[in-house]
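User: I'd like a close look at one part of this model, please, and I'm happy to read a long answer. Could you start from a single residue pair and work outward through the strands around it?

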Amino acid sequence: MLHKQRLFTPGPTPAPEETLLELAKPIFYHRSAEFRQILAEVEEDLKYVFCTRNPVVPLTSSGTGGMEAALVSCVPPGRKVICLISGRWGERWRNICKAFGFEAVNVTVAYGKAVEPSQLQQALAEHPDAAAVCATLSETATGVGNDIEAFGKLVAPTPALLVVDGISGLGVMECRTDEWHVDLCVTGSQKALMMPPGLAFVSVSDKAVKAMEQNTAVRAFYFDLRKAVAKLKENDTPWTSANTMIRALRVSLKRLRAEGIENVWARHSRLAEAARAGMQAVGLELFAERPASGLTVARVPAGLDGNELLRKLEKQYGLKFAGGQDTLKGKIIRLAHMGYCDQFDVLAALAGLELVLLEMGHPVEPGAAVAAAQRVFARAVKVSQVVAV
């Protein structure tokens, strides 16, 4: 049977048709006035999405390249870095530190939990010589959202830089880069920016620029942000850019700007609330204690094969969910609803999940998940009508 393929993974995510059509246009020269004009336009729209007045550096890499660039450009080898770890992507900060000779101070919580601001406060008190604090806005391995605003208030009075992995959170949930004192915020193209993988972006505060200038032992060539920040003043890049990707990104950013960033956050919040309600309505236990808005994570019911559940969703209904990683493999399912996603995508995902759970013997009242999600959406419509009046 033919099924329309629907992508519900937390990266890559679907891209709008007009963005994909832009990618189909002929390749053009990256050292041209045309590209510099496009990059200048994209830069202003990125600042809007990041909620910053500071430069946002584009890199031709995945988000991990942006994470690496942020640390190696600003932190000299041997310095302390406090890593706030609530999942696999917090662990990536720790692993980057290990690779480049930074002394990682790990603040770790169990999977499913968020790092408490009090834990960061204690770490800063015990390590006043820390050069940076690395945090994760949305931990997609577990579905947890961390309190970046609270972290920023604690880090701002210290010499340390606040470096945030916003790869799956920026453009999904509230993240006010400047207001929250985030010195380097990293994101990737394949999440809320509604693009294929291949681009990373790093916002750079004045505090971060000063740290880069003082770092005389940068262990990077391609990922040296000093070069990128300097070239950005000319609306250019130091190395060959993915210029066709940046041209297509202009289309996706215009879509976000037209919707309005606060409306974008609100949309994702509604999708998350509906997905959580739907999963709970069929007896699934949510995994994250402080859930992020870009994805909903639930435990696989006891007695069910989590890998087989995912296989059936994809093979029988064309619904591509994500499973758990490492120690969570086969134990959780992850339903992403970020970027180019609306209420009917979530309803389709929940309907398919119901069918597979029924087939596998899990007690489900047909329509329960869909109805629970619809009630969330209906309530949102009533609220918006009242506000409009």
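Analyst: Let's begin at cysteine 83, which has asparagine 106 of strand E4 opposite it. The model is predicted, so to speak of local features a pLDDT of at least 70 is needed, and side-chain atom pairs count only at pLDDT 80 or more, while totals for chains, interfaces and linings use all residues. Residues are numbered from 1 along each chain as its sequence is written, and side-chain values use heavy atoms, with hydrogens and water left out.

A word on names: helices (H or I, at least four residues) and strands (E, at least two) are DSSP runs numbered from the N terminus. Two strands pair if DSSP finds at least two bridges between them. By that rule E3 and E4 run parallel, joined by six bridges.

Next, the surroundings of E3. Six of its six residues are buried, and the strand is mostly covered; buried means under 20% relative accessible area, exposed means over 50%, and partly exposed lies in between, with a 1.4 Å probe and protein chains only. In a regular strand the side chains alternate between the two faces of the sheet. In E3, Lys80, Ile82 and Leu84 lie on one side, Val81, Cys83 and Ile85 on the other, and both faces are covered.

E3 (residues 80-85) also pairs with E5, again in the parallel sense, over three bridges. There, isoleucine 82 is found opposite valine 133 of E5. Strand E5 (residues 132-136) has five of five residues buried, so the rest of the structure largely encloses it. Ala132, Cys134 and Thr136 point one way, and Val133 and Ala135 the other.

Moving on from E5, you reach strand E8 (residues 161-165), which is parallel to E5 and pairs with it over five bridges. Alanine 135 faces valine 164 in that pairing.

These strands belong to an open, mixed sheet of seven, in the order E2-E10-E9-E8-E5-E3-E4. E2 (56-59) and E4 (103-108) are at the edges with a single partner strand each, so one side of each has no neighbour in the sheet. Ignoring direction, neighbouring strands are turned by 20 degrees against each other on average. For angles, axes are lines fitted to C-alpha atoms (for helices, over the stretch in contact), and values run from 0 to 180 degrees between N-to-C directions.

At the E2 edge, E2 pairs with E10 (residues 200-204) in the antiparallel sense over four bridges, and leucine 59 has alanine 200 of E10 as its bridge partner. Helix H6 (residues 148-155) packs on the sheet, touching E3, E5 and E8, with its direction at about 160 degrees to that of E8. Contact here means heavy atoms within 4.5 Å. Ile148, Ala150, Phe151, Gly152 and Val155 are the buried residues of H6, and they pack against E3, helix H5 (117-126), E5, E8 and H7. Helix H7 (residues 206-214), for its part, lies across E8, E9 (184-188) and E10, at about 95 degrees to E10.

H7 also helps to cover a further helix, H8 (residues 225-232), whose buried residues include Leu225, Ala228, Val229 and Leu232. Seen down the axis of H8, the buried residues fall within an arc of 100 degrees, so they line one face of the helix; the arc is that of the directions from the helix axis to the C-beta atoms. Besides H7, the cover over those residues includes H2 (33-50), E2, H3, E9 and E10.

One more spot by E2 deserves a look: serine 62 sits in the loop between E2 and helix H3 (63-74). Its relative accessibility is 39%, so it counts as partly exposed. Serine 62 and isoleucine 167 are 105 residues apart along the chain, yet 9.5 Å separates their C-alpha atoms.

To place this part in the whole, the chain has 13 helices and 14 strands. Its radius of gyration, taken over C-alpha atoms, is 21 Å, close to the 21 Å of the globule rule for 389 residues, so it is as compact as a globular protein of that length; the rule is 2.2 Å times the number of residues to the power 0.38. Buried residues make up 56% of the 389.
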